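Here are my notes from a pass through this one. Have a look at the sequence and the fold, then see whether you read them the way I do.

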Amino acid sequence: MEILLEKIGKAVLKYKGANLYLGDKHLRRHLGHATKIDLRTRHGNYPLGNKTADPFTVLSALSKIDSELKSENDVLVHCAAGRNRSPFLVACYIAKRNMVPFSKAVKIVKARYPKTHIEPELQRVGKWLFP
């Protein structure tokens, strides 16, 4: 698994023949072909709050990401602004996939996606799921 910075300026995780994109709601227009993991509370298919996250929803979204990437389908994880919830979920995916602590996965995401600002409450959930 290799993490790169795309020309469009969003963090990307490459897995086999597929890409995991991280961004905000505006990136949807540019990635019409990708499976959407929408974390917005009112419109999302995997709604997460800005300051709270149901572990079941997180694990369901991670399972969907994993199955899509294994099928070599691109995936876009996005929320409204792309600073809190989507980086949180991508960090959870990195932690799960690479079997590393959540705090290390957050550092990987922040190094490649500097506007990341995961709220402390979401960080607690991530550390609980992936210690």
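The numbered points below go through a strand pair, a helix, the cysteines and a loop lysine.

1. Before anything else, keep in mind that this is a predicted model. Every value quoted here is computed from that model.

2. Start with the strands. β4, which covers residues 35-38, pairs with β5, residues 75-79. The pairing is parallel and runs over four bridges. If you want a spot to check the register, take Lys 36, which stands opposite Leu 76 of β5.

3. What links up with those two strands? Helix α1, residues 55-70, joins β4 and β5 in a β-α-β unit, and the unit is right-handed.

4. Next, helix α3, residues 102-112. Which of its residues are buried? Phe 102, Ala 105, Val 106 and Val 109 are. Looking down the α3 axis, these residues fall within an arc of 105°, so they line one face of the helix. The spacing fits the usual helix arithmetic: an α-helix has 3.6 residues a turn, so residues three or four places apart point the same way.

5. Turn α3 around and you find Lys 107 and Ala 111 on the other side, both exposed. As for what the buried residues of α3 pack against, there are three partners: strand β3 (18-24), helix α2 (85-98) and helix α4 (120-129).

6. How many disulfides are there? The count is zero. Take Cys 79: the closest cysteine sulfur belongs to Cys 92 and lies 13 Å away, which is too far for a bond, given that a disulfide needs the two sulfurs within 2.5 Å. Cys 92 is likewise in no disulfide, with the sulfur of Cys 79 as its nearest cysteine sulfur.

7. Are these cysteines buried or exposed? Cys 79 is buried, at a relative accessible area of 2%. Cys 92 is buried too, at 0%. The cut-off for calling a residue buried is under 20%.

8. Last, a residue I'd click on: Lys 115, in the loop between α3 and α4. Lys 115 is partly exposed, with 34% relative accessible area. Where does its side chain go? The side chain of Lys 115 reaches the backbone oxygen of Ala 81, at 3.3 Å. Asn 84 is worth showing alongside: 31 residues separate Lys 115 and Asn 84 along the chain, while their C-alpha atoms are 8.9 Å apart.

How values were computed
Residues are numbered from 1 along each chain as its sequence is written. This is a predicted model: local features need pLDDT of at least 70, side-chain atom pairs count only at pLDDT 80 or more; totals for chains, interfaces and linings use all residues. Side-chain values use heavy atoms; hydrogens and water are left out. Two strands pair if DSSP finds at least two bridges between them. A crossover is right-handed if, with the strands pointing away from the viewer, the path from the first strand over the helix to the second runs clockwise. Buried means under 20% relative accessible area, exposed over 50%, partly exposed in between (1.4 Å probe, protein chains only). The arc is that of the directions from the helix axis to the C-beta atoms. Contact means heavy atoms within 4.5 Å. A polar contact is a pair of N or O atoms within 3.5 Å; within protein, one must be able to donate a hydrogen and the other to accept it, and residues adjacent in sequence count only if both atoms are side-chain atoms.
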